[in-house]
Amino acid sequence: TIFGDVSMKTQPDLRKQARQLENELDLKLVSFSKLCTSYSSSRDGRRGDSSDTTPLLPNSTQDRMFETMSVEIEQLLAKLTGVNDKMAEYTSTPGVTSLNAALMHTLQRHRDILQDYTHEFHKTKSNFMAIREREDLLGSVRKDIETYKSGSGVNNRRTELFLKEHEHLRNSDRLIDDTISIAMATKENMTSQRGFLKSIQSRVNTLANRFPAINNLIQRINLRKRRDSLILGGVIGICTILLLLYAFH
């Protein structure tokens, strides 16, 4: 039939148009992915650059390119969807029943390609939007911090001095705590030694009480020690007086 002849001419045209749109979409998606990658890299470079003179133009240009390419890819996806719909209508046209299996296979392949391209586009676009929103938020925070630093230099200086003074006080407290700990340990050691000496003295007294001869010997030793101390003190006193008289003579 005439309709069948027209249909047979239309199908190759639709496949050719679908392949052309798919090739354009493939190139656009590659460029779109590179744009998103370069946008993320440029943001990372700006984050590592502490200079306030970093130009903002590159990312502004990338934002405009992102919007333009998004519209172009959406238009190509819409056109490819329309071509696939026309091929689907053709498969149900009377007179092409013998070719229906091959046409359905070709149509399904084009639909799968369209689905992959649509998924890739939305995934790349979502990643780009997430990166841009995150970086805009971080940029706003960094701007607020820089504004605070530039507008509160004196306060920062005072804060730094207060922090240093606070650190000195903490170090002093730490030294005092260490000194107190050493003193407490020394006190405990002396207390234990005192108790030990008392126990020795009590034992000596016990022995002296049991053995009177030992007690008498100890008393004589104590008397001799006192006498020696008195003699030594007298000699030191006389020598001191003589030195003073000689010095002021």
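## Asp85 and its surroundings

Asp85 is found in helix α2, and in this predicted model the residue is partly exposed, with a relative accessible area of 41%. Although Asp85 and Arg111 are 26 residues apart along the chain, their C-alpha atoms are separated by 9.5 Å.

## Overall fold

The chain that carries Asp85 contains five helices and zero strands, so that, read from the N terminus on, its elements follow the order α-α-α-α-α. Of its 249 residues, 19% count as buried, and the accessible surface comes to about 19000 Å², of which carbon and sulfur atoms hold 60%.

When contacts are restricted to residues at least 6 apart in sequence, 78% of them join residues that are at least 24 apart.

## Confidence of the model

The average pLDDT over the chain is 77, and 76% of the residues reach a score of at least 70. Confidence is lowest in helix α1, which covers residues 2-48 and has a mean of 72, whereas it is highest in α2, with a mean of 84.

Two stretches deserve caution when the model is read. Over residues 1-9 the pLDDT stays under 50, and for this stretch the model has five contacts beyond four places in sequence. Over residues 48-57 the pLDDT is likewise below 50, and there the model shows four contacts beyond near neighbours in sequence.

## Salt bridges around Arg132

Five salt bridges are counted in the model. In one of them the side chains of Arg132 and Asp63 meet, with an N to O distance of 3.6 Å; this pair links distant parts of the chain, since Arg132 belongs to helix α3 (residues 100-151) and Asp63 to helix α2, 69 residues apart. Arg132 and Asp63 are both buried, and for Arg132 the relative accessible area is 14%, which lies under the 20% cut-off for a buried residue.

Arg132 also forms a salt bridge with Glu67, where the closest N and O atoms are 3.7 Å apart. This second pair again links distant parts of the chain, with Arg132 in helix α3 and Glu67 in helix α2, 65 residues apart. Glu67, unlike the buried Arg132, is partly exposed, with a relative accessible area of 41%. Taken together, Asp63, Glu67 and Arg132 are linked in a network of salt bridges.

## Glu74, Lys125 and Ser70

A further salt bridge joins Glu74 and Lys125, the closest N and O atoms being 3.3 Å apart. Because Glu74 lies in helix α2 and Lys125 in helix α3, the pair ties together parts that are 51 residues apart in sequence. Both partners are partly exposed: Glu74 has a relative accessible area of 37%, and Lys125 has one of 25%.

Lys125 also appears among the contacts of Ser70, a residue placed in helix α2, which spans residues 57-91. Leaving aside residues up to four places away in sequence, Ser70 touches Phe32, Phe121 and Lys125. Ser70 counts as buried because its relative accessibility is 3%, whereas its contact partner Lys125 is partly exposed.

## A nonpolar patch on the surface

Phe196, Leu197, Ile200 and Val204 make a nonpolar surface patch of about 370 Å². One of these residues, Phe196, is found in helix α4, which runs over residues 153-210. Phe196 counts as exposed because its relative accessibility of 53% is over the 50% cut-off.

## Cysteines

What is the number of disulfides that the structure holds? The structure holds zero disulfides, and a disulfide is a covalent bond between the sulfur atoms of two cysteines. Cys36 counts as buried, at 9% relative accessibility, while Cys239 is partly exposed, with a relative accessible area of 42%.

Terms used: Residues numbered from 1 in each chain as written. Predicted model: local features only at pLDDT ≥ 70, side-chain atom pairs only at ≥ 80, totals over all residues. Heavy atoms only, no water. Helix = DSSP H or I, 4+ residues; strand = E, 2+ residues; numbered from the N terminus. Buried < 20%, exposed > 50% of the residue type's maximum accessible area, 1.4 Å probe, protein only. Contact = heavy atoms within 4.5 Å. pLDDT = per-residue confidence, 0-100. Patch = residues over 30% accessible without salt bridge, like charges linked within 9 Å, V, L, I, M, F, W, Y side chains within 5 Å. Areas by Shrake-Rupley, 256 points an atom, 1.4 Å probe, with all protein chains shown as cover. Salt bridge = Lys/Arg side-chain N within 4 Å of Asp/Glu carboxyl O. Disulfide = S-S within 2.5 Å.
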